[in-house]
Amino acid sequence: MNAVVFSFTKAGTALGGRAAAFLQQNGWQVRQATLAKFAIPPAVSFDPSLREETGRAFQSARLLLFVGAAAIAVRSIAPFIRKKDQDPAVIVIDEKGQFVIPILSGHIGRANEWARQVAEAIGGQAVITTATDVNALFAVDEWAAKAGLRLSSLTEAKAFAAGLLERGRAGLYSEFPIEGPLPPGLVMTTDCETGLIVTTKENLSLFQTSVMVRPAILHVGIGCRRGTSSSAIENAVSSALKEANLSKEAVADVSSLDVKRDET
């Protein structure tokens with residue numbers, strides 16, 4: 001995983017070095033970028049500017065960590081913010097290392113989780129502001145991201161979170177065995193207005209408001225005559241999934257025999 005650590009002062013660059021070292025110890029590939037006058041290796045100067053450095057980081061990194069004022073981070077990332085499920089995690093640390101604040105992609109991008117880890121490493125305090133965390137309730141988008149599950153939609157996830165916050169509980173239905181204690185607020189029942197469904201199915205109506213999460217465990221095998229068009233294959237697969245009420249979101253891969261490797 002790639003991370004970029006940004007800093008703007010001598011003290012901030014020193015603290016950024018500590019944060020970068022922690023991340024590297026935990027398997028990250030880290031680039032530490034700062035103003036030219038503070039660029040003592042391994043830190044390097046912004047290339048060629050903070051804006052371009054930030055733009056590249058949004059394309060290639062999982063985590064952007066700014067050591068400095070939150071306003072600098074906000075202005076730096078603003079032109080590059082895309083969608084909740086595409087943006088990297090962005091965290092701000094004040095240059096004394098007192099507060100570690102996730103400001104973008106707290107759940108899906110795992111900024112909240114990494115903020116807690118960095119805060120512990122540098123002796124600071126993670127400041128988490130997402131509603132489910134503040135109320136000690138289950139965050140479905142964060143959980144799905146960590147578990148490698150695919151959300152049916154961010155809109156449904158938001159509606160699920162709103163229902164959970166409003167009522168303090170939500171139902172859970174799973175086609176698969178559940179191990180260990182349930183997360184805060186989840187109850188193994190379909191007798192709730194709001195619910196979470198773990199399934200490979202495309203359609204399954206059990207709650208008034210629901211979000212589906214799907215494990216990618218289906219494997220599609222293709223056999224065809226030479227020269228069959230990709231659209232014909234896609235239509236055949238879509239029809240088979242529809243007939244079996246299975247979701248494309250649950251498909252892990254599409255494969256064929258090696259003799260088909262040169263087929264479009």
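Let me begin with the aromatic residues, where Phe6, Phe8, Phe46 and Phe66 are joined by ring pairs into a cluster. Please keep in mind throughout that we are looking at a predicted model. Across the whole structure a search returns 7 aromatic pairs, and one of them, between Phe6 and Phe66, is stacked, with the ring centres 4.4 Å apart and 5° between the planes. That pair connects distant parts of the chain, since Phe6 sits in strand β1, residues 2-7, while Phe66 sits in strand β4, residues 63-67, and the two are 60 residues apart. As for their surroundings, Phe6 has a relative accessible area of 0% and is therefore buried, and Phe66, with a relative accessibility of 0%, counts as buried too.

From the rings I move to a strand, β11, which covers residues 194-198. How many of the residues of this strand are buried? The count is 5 of the 5, so β11 is largely enclosed by the rest of the structure. In a regular strand, side chains alternate between the two faces of the sheet. Here, Thr194, Leu196 and Val198 point one way from β11, Gly195 and Ile197 point the other way, and all of these residues are buried.

The partners of β11 are worth following on the structure in front of you. Strand β9, residues 170-174, pairs with β11 in the parallel sense over 4 bridges, and within that pairing Gly171 has Gly195 of β11 as its bridge partner. Strand β12, residues 209-215, also runs parallel to β11, and 5 bridges join the two; in this case the bridge partner of Thr194 is Thr209 in β12.

Let me turn now to the charged side chains, where the count comes to 8 salt bridges. One of them brings together the side chains of Lys84 and Asp141, at 3.4 Å from N to O. Because Lys84 lies in the loop between α3 (70-77) and β5 (89-93), and Asp141 in helix α6, residues 140-147, this pair ties together parts that are 57 residues apart in sequence. Are the two partners buried or exposed, or something in between? Lys84 is partly exposed, at 49% relative accessible area, whereas Asp141 counts as buried, at 8% relative accessibility.

A further salt bridge is formed by the side chains of Glu113 and Arg110, with a distance of 2.8 Å from N to O. Glu113 has a relative accessibility of 15%, and because buried means under 20%, this residue counts as buried.

The salt bridge between Glu175 and Lys201 takes us back towards the strands I described a moment ago, and its closest N and O atoms are 2.9 Å apart. This pair again links distant parts of the chain, with Glu175 in the loop between β9 and β10 (186-187), Lys201 in the loop between β11 and β12, and 26 residues separating them. Glu175 is partly exposed, with a relative accessible area of 26%, and Lys201 likewise counts as partly exposed, at 29% relative accessibility.

The last item concerns charged residues that are connected beyond a single pair. Which residues are linked in a network of salt bridges? They are Arg31, Glu53 and Arg56.

To close, I would leave you with two places to look at in this predicted model: the stacked pair of Phe6 and Phe66, and strand β11, with 5 of its 5 residues buried.

Terms used. Residues numbered from 1 in each chain as written. Predicted model: local features only at pLDDT ≥ 70, side-chain atom pairs only at ≥ 80, totals over all residues. Heavy atoms only, no water. Phe/Tyr/Trp six-rings, centres within 6.5 Å; stacked < 30°, edge-to-face > 60°. Buried < 20%, exposed > 50% of the residue type's maximum accessible area, 1.4 Å probe, protein only. Pairing = 2+ DSSP bridges. Salt bridge = Lys/Arg side-chain N within 4 Å of Asp/Glu carboxyl O.
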